[in-house]
Amino acid sequence: MTKLILIAVAVFVLLWLLRRALAPRKGDAPPPGEAKGDLVSCAHCGVNLPKAEAYAVRGVPPSAGGRHYCSEEHWRAGPRDG
């Protein structure tokens, strides 16, 4: 019976240590695939994307009257009506 309790405690401690080692720490970058920062919608197609990845023209912030675009093609096409 004592061996069973010791094995259970050892498994618990190992799982706790593993979970703690794999948990994200404060200040770490989010895992790949997660949005970074605020999300914006493309004014042409409506797809949501991180504001930092929205289309920018020559380093100018990616907005034209508060509009954001997902690509140069959609920026050139402009906002979709209705």
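## Order of the elements

Following the sequence from start to end, the protein chain runs α-β-β-α. That comes to two helices and two strands. Keep in mind as you look around that this is a predicted model.

## Helix H1

Helix H1 covers residues 2-22, a stretch of 21 residues. From its first C-alpha to its last it reaches 30 Å, close to the 30 Å expected at 1.5 Å a residue.

How many of the 21 residues of H1 are buried? The count is zero, and H1 is hardly covered.

## Surface and contacts

Turning to the whole protein chain, 15% of its 82 residues count as buried. The chain exposes about 7,100 Å², with carbon and sulfur atoms supplying 60% of that area.

Contacts tell another part of the story. Among those in the protein chain with a separation of 6 or more, 33% are between residues 24 or more positions apart.

## The cysteines

A disulfide is a covalent bond between the sulfur atoms of two cysteines. Here the count of disulfides comes to zero. Why is there no bond between Cys 45 and Cys 42? The closest cysteine sulfur to that of Cys 45 is in Cys 42, but at 3.7 Å it is too far for a bond, because a disulfide needs the two sulfur atoms within 2.5 Å.

Cys 70 also has its closest cysteine sulfur in Cys 42, and the 3.7 Å between them is too far for a bond. As for exposure, Cys 45 is partly exposed, with a relative accessible area of 36%. Cys 70 is partly exposed too, with a value of 29%.

Conventions. Residues numbered from 1 in each chain as written. Predicted model: local features only at pLDDT ≥ 70, side-chain atom pairs only at ≥ 80, totals over all residues. Heavy atoms only, no water. Helix = DSSP H or I, 4+ residues; strand = E, 2+ residues; numbered from the N terminus. Expected span 1.5 Å × (residues − 1). Buried < 20%, exposed > 50% of the residue type's maximum accessible area, 1.4 Å probe, protein only. Contact = heavy atoms within 4.5 Å. Areas by Shrake-Rupley, 256 points an atom, 1.4 Å probe, with all protein chains shown as cover.
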